[in-house]
Amino acid sequence: MTATPDWLRLQKALALEAEGGFRDLQGKQYRFSEFLCLSLGTPAPAGAPADLRRRWQELAPQFRDYPQADLSRRRQLVASTRQFLLKLRHSLENPPPEATVTPQVKTAPVAFNPKASFNLATPLGEIKDIGKARAKALGLLNLKTVRDLLLYFPRDYIDYARQVSIEQLTAGETVTLVGRVIRSNCYTSAKNKNLNIFEVQIRDQTGKIKLTRFYAGKRFAERGWQERMKRLYPPGAVIAASGLVKQNKYGLTLDTPEIEVLDSATGSLNSLNIGRLLPVYPLTEGATADALRRSVLAVLPALKDWVDPLPAPIRERYQLLPLALPEAQSGVKKAALLQIHFPEDRDLLNQARRRLIFDEFFYLQLGFLQRRRQRQAQAVSVPLRGQGQLIQRFTEILPFALTGAQERVVQEILADLEKTEPMNRLVQGDVGSGKTVVGVFAILAALQSGYQAALMAPTEVLAEQHYRKLVTWFNALSLPVELLTGSTPLRKRRQIHSQLESGELPLLVGTHALIQDPVNFNRLGLAVIDEQHRFGVEQRAKLLAKGTAPHVLSMTATPIPRTLALTLHGDLDVSQIDELPPGRQPIQTQVITAKERPQLYDLIRREVAQGRQIYIIFPVIEESEKLDVKAATEEYQTLSSAVFPNFRIGLLHGRLSSAEKDQVLTAFRDGETQIIVSTTVIEVGVDVPNATVMVIENAERFGLSQLHQLRGRVGRGAYSSYCFLLTNSRNPDARQRLAVLEESQDGFFIAEMDLRLRGPGEVLGTRQSGLPDFALASLTEHQDTLTLAREAAEALMIADPTLENYPALGRELARRQEKLLGAALL
């Protein structure tokens, strides 16, 4: 369902931009051009005329280029967009009147037997109108019971609901015609004895048309069958025909039309196929489209026994259709499960989809919140003081002021730490947003409350970087801090173990070495986990087991949109540091082709001559002829011997051992190598302020968020920095994606665009994304519904944390969670 644009916000944004002198104003979250690009990057509103839909699609790229446009172009674009939106809104709110069609037939609601004697758990093979043979075919779709079939939703609909006259036919449209038979005929093809042709000519008040259907098989060649077909459609009979209008050498006709005889030209059409929105289901061998539709019709009576588990106050507040028949106060047609399969019109279909999408999000969020509540009820943490001398002194020695976003997140964390419920908060921060300093406030809250803290990072390089930063601050506070990794000498390791166990050491920074058996904390009150998604569930649990229900602060430099965060981390509290410190230089980003490689190499030579360092990134390790992707290993040889023979070049890729990777990164960080050739293992956290150039080969093969993370490896010092995205792709979609990086340095905006352009499965990696398998919901199209479902779930958990007053809801939640767990184990 395409959302209705927020006309007021769009027009207000355009008006403010005009009043502000067309300066691409900065809003609370996005710049003017970014907001318009995002808003107009969605599908055009449903019902918009074709010319206005095309104009809508053209506008988003124009606002993407707005920052580079001159004043005259900006003024013209804003003015024309304001006029266009007024025209579009008027068109949507004042559609042209429907043309009069004679005869006009009303489609009757789908009819079924409400007295059938089976229930939701009945096996499909026991349903008389389905039978064992068809039930076996349905079993291949994992449809075993009546409930399974009712929850097997159509993937699409063919719109046979639009009735037109013959003179209104337009090639390419799907329509329904109603007319009287002039003549009909049925015969065997002279060229193919197994091909039988049925023809019927009909007319209405505006013209006439011949419709043709083909039947293959010997039984259709029987004279008796052909005569029966002609008797079904005698001259003067009123028929309805639905199908796709196509042009052939004789004129317009319907392609493989569905045809049914009507009682009269003005009566109701009682049909599964004709004159309605026809459901289209995913199929398997042995289950035809029509057989599946008839199977669903056969089990509809079970809806009379389906009690809607969603509380009535929630349905009323969010204006949701009842799920099934008992709650359908206004009659049969108001049931969402009926309208999703056999919708009477587009509006009821949209209402049914909205209800079922809400359910998918609601139960997911309710499960998250229930899990969090159970975890909090089972474990009691010590409250940590957010106010104290250490935090006061740290604030005084900081050489810079926190940004507004950092201040907000620090206050959220300190408020959590003062509770007896264990904190479980995820902090998302863009590249260079200052997550580490925010984490230090949490650490100091633990220390000044008499507890220890641990900071765990996924690699030795990242752990050492955190340690170096913390040592500077902690020395000024006269606090000890140690680093524990796989490279720590045995003698030093034993000393750390001893000081940790005695409580003498308040803070330990390290890698997976922190979760080894000999590591025992005296009073662990806080665990900080950097890039938490790179640790497994068991690894995180082992760290937490080092204390008694310690508070947990997770951090990541990989921003994901809020909808993804709610779907993946719904049991966490999520904070976003969505503001960069002032003075950080933007990284000059440019999409280039192989033709510009000589100029690129000249720039690299100049940067190295000035003492700077360079990253060159490739997407794979081995040469693949199929993908035609340059491999880091082969290019390393070329760059070392032919292009930059006088420079010291390092090679980093995923097949190196951890020790070898750390050695290569340490050499680059210490300035021993001037250029590092790498695959994406360089992506997160590496901090080399002297690096100023990032070159990414075959950039079209990376996601936008991944490219943004790679770009964030430069621009960390005081020098001007550059990012070059090399591509030879002529795919316009690929070039459009890369252009986003040229225009924006905002990781959250880039992540949102990545989600819209590629979808959540591609953004996260489908196989290991952890995303639930939604039947109808889309994280890109239904963000507003997700927000409402989260709101409803939160309110319900506050009102009734145990769901004691809603047993049906509790059972449905358990059923869905069991199904989700079963899918995860497959």
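**Entry 1: a strand pair to start from**

I began with β11 (residues 452-456) and β14 (residues 524-530), which pair in the parallel sense over five bridges. I looked for a partner to A453 and found L526 of β14 opposite A453. A helix lies against this region too: α17 (residues 537-544) packs on the sheet and touches β11, β14 and β15 (551-556). I noted an angle of about 155° between the direction of α17 and that of β14. A reminder to myself: this is a predicted model.

**Entry 2: the sheet around that pair**

Next I asked which strands make up the sheet and in what order. I read off seven strands in an open sheet, ordered β12-β13-β11-β14-β15-β10-β16, with parallel pairing. Which strands sit at the edges? They are β12 (481-484) and β16 (573-577), and each of these pairs on one side only. I also looked up the turn between neighbours: on average, neighbouring strands of this sheet are turned by 20° against each other, direction ignored.

**Entry 3: over to β22**

I then moved to strand β22 (residues 722-726) and asked whether its residues are mostly covered or mostly exposed. Five of its five residues are buried, so I can call the strand mostly covered, with buried meaning under 20% relative accessible area. I checked which way the side chains go: Y722, F724 and L726 point one way from β22, while C723 and L725 point the other way. Both sets are buried.

**Entry 4: the company β22 keeps**

I looked for the strands joined to β22. Strand β17 (residues 588-592) runs parallel to β22 and is joined to it by five bridges. Here I592 has L726 of β22 as its bridge partner. Strand β21 (residues 691-696) is also parallel to β22, joined by four bridges. On that side, I696 stands opposite L725. I followed the chain from β21 through helix α22 (residues 704-711) to β22 and noted that this β-α-β crossover is right-handed.

**Entry 5: stepping back to the chain**

Last, I looked up the totals. How many helices and strands does the chain have? I noted 27 helices and 22 strands. Of the 826 residues in the chain, 52% are buried. The chain exposes about 39,400 Å², and carbon and sulfur atoms supply 49% of that area. I also looked at contacts in the chain with a separation of 6 or more: residues 24 or more positions apart account for 72% of them.

Key. Residues are numbered from 1 along each chain as its sequence is written. This is a predicted model: local features need pLDDT of at least 70, side-chain atom pairs count only at pLDDT 80 or more; totals for chains, interfaces and linings use all residues. Side-chain values use heavy atoms; hydrogens and water are left out. Helices (H or I, at least four residues) and strands (E, at least two) are DSSP runs, numbered from the N terminus. Buried means under 20% relative accessible area, exposed over 50%, partly exposed in between (1.4 Å probe, protein chains only). Contact means heavy atoms within 4.5 Å. Accessible areas come from the Shrake-Rupley method with a 1.4 Å probe; for residues, only the protein chains shown count as cover. Two strands pair if DSSP finds at least two bridges between them. A crossover is right-handed if, with the strands pointing away from the viewer, the path from the first strand over the helix to the second runs clockwise. Axes are lines fitted to C-alpha atoms, for helices over the stretch in contact, and angles run from 0 to 180 degrees between N-to-C directions.
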